[in-house]
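Ready for a few short exercises on one helix and its surroundings? Work through each one with the structure open beside you.

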Amino acid sequence: MIGSVLGTTKILGVMGFPVSHSLSPVMHNAAIAAMGLDYVYVPFPIAVEQLSTAIAGLKAIQSIQGFNLTIPHKIEVLPLLDEVTPIAKAVGAVNTVKRVDDRWIGTNTDVAGFLEPLKQLQCDWKNMPAVILGSGGAAKAVVAACLELGCPVIHVVGRDPKKMKKFHGTMTSQLHDYNLRVHPWASIPHLLEVAGIVINATPIGMAGDLNTPISELEIAILPDRAIAYDLIYTPRPTKFLQLATARGLRAIDGLEMLINQGAIALEFWLDRTVPIETMRQALLQHLA
Ligand code: NAP
């Protein structure tokens, strides 16, 4: 799939630790090949304590045009960059960095990637309270996305009260006191009664885990108009989405978010439209 690597080849990549699970090389190299560009996208395994050395060191390698960041680097990278876009500041996390005039510019494409599959749905978002399960890095992007949708209130549910308090403080200051509330796991049934969208931003239900973030009984509480969104993309569908579909709800899995955040990142690096269908097919083929 990867064409010849020449003396002129430009480099993109993904920094993470571990990074071997990343599907980004699959979709980006497929798109690069389809566009016939002299680029290559590679994994960069970088341990937490090496991140600042890596960010500074990669700047010296002129062929490196940009990179993605995945767990555990999305937050810690912020102070290491020369500039951060308003959306990345609002989320408090960067997943894409581009070299511009030898400066590292960071942005966040997870928010737009999350929103893309929702654009096709007819919803009166002003009347759609959001319930987000989990308060990790992905939940931050989902909060910013729900704010952009216009959800009247955003409820975030977590299991660690200390972490939840910190999450609330950080996000309300970044999002300027938006109507964001945090709750313990036990509040879930009460929150679901009026939910417009419920989003699983935990790893519960990932490949090999047959658990669901909320029970079948709790799914039954959801209003008929509710949307069930799982950020997980393996397996497809998760047990959570299987139950939601059986209940007659609209269900969305994490694959479109993954594809769209990648396509938006590639557009950011290349300043051109990219073949998103090629990226989708490469991922589907890989996952199959
Ligand atoms: P993360 O930063 O590690 O956060 C995970 C969150 O889930 C934390 O709030 C954690 O709570 C909570 N959690 C974990 N296990 C739990 C359990 N058994 N019960 C209750 N809460 C639990 O991970 P992340 O980056 O936010 O990713 C979350 C999920 O989204 C993952 O499945 C990831 O693959 C997926 N994701 C998908 C995309 C996409 O493009 N589709 C993008 C990003 C992430 P504690 O803080 O208390 O541990």
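**Exercise 1.** Which elements do the buried residues of α1 pack against?

*Solution.* Start with the ground rules. This is a predicted model, where local features need pLDDT of at least 70, side-chain atom pairs count only at pLDDT 80 or more, and totals for chains, interfaces and linings use all residues. Residues are numbered from 1 along each chain as its sequence is written, and side-chain values use heavy atoms, with hydrogens and water left out.

Next, find the covered positions: ten of the twelve residues of α1 are buried (under 20% relative accessible area, 1.4 Å probe, protein chains only). Among them are Pro25, Val26, Ile32 and Met35.

Finally, look for their partners: the buried residues pack against β1 (10-16), β2 (39-45), β3 (64-69), α10 (255-270) and α11, with contact meaning heavy atoms within 4.5 Å.

**Exercise 2.** Describe how α1 crosses α11.

*Solution.* First, take the axes, which are lines fitted to C-alpha atoms over the stretch in contact. Those of α1 (residues 24-35) and α11 (residues 276-287) come within 8 Å and cross at roughly 135°. That makes α1 oblique to α11, oblique being what is left once angles under 35 degrees, over 145 and from 65 to 115 are set aside.

Then list the residues: Val26, Met27, His28, Ala30, Ala31 and Ala34 in α1 meet Thr278, Met279, Ala282, Leu283 and His286 in α11. Sorted by type, they give eight nonpolar, three polar and no charged.

How values were computed
Axes are lines fitted to C-alpha atoms, for helices over the stretch in contact, and angles run from 0 to 180 degrees between N-to-C directions. Helices (H or I, at least four residues) and strands (E, at least two) are DSSP runs, numbered from the N terminus. Ala, Val, Leu, Ile, Met, Phe, Trp, Tyr, Cys and Pro count as nonpolar, Asp, Glu, Lys and Arg as charged, and the others, Gly among them, as polar. Buried means under 20% relative accessible area, exposed over 50%, partly exposed in between (1.4 Å probe, protein chains only).
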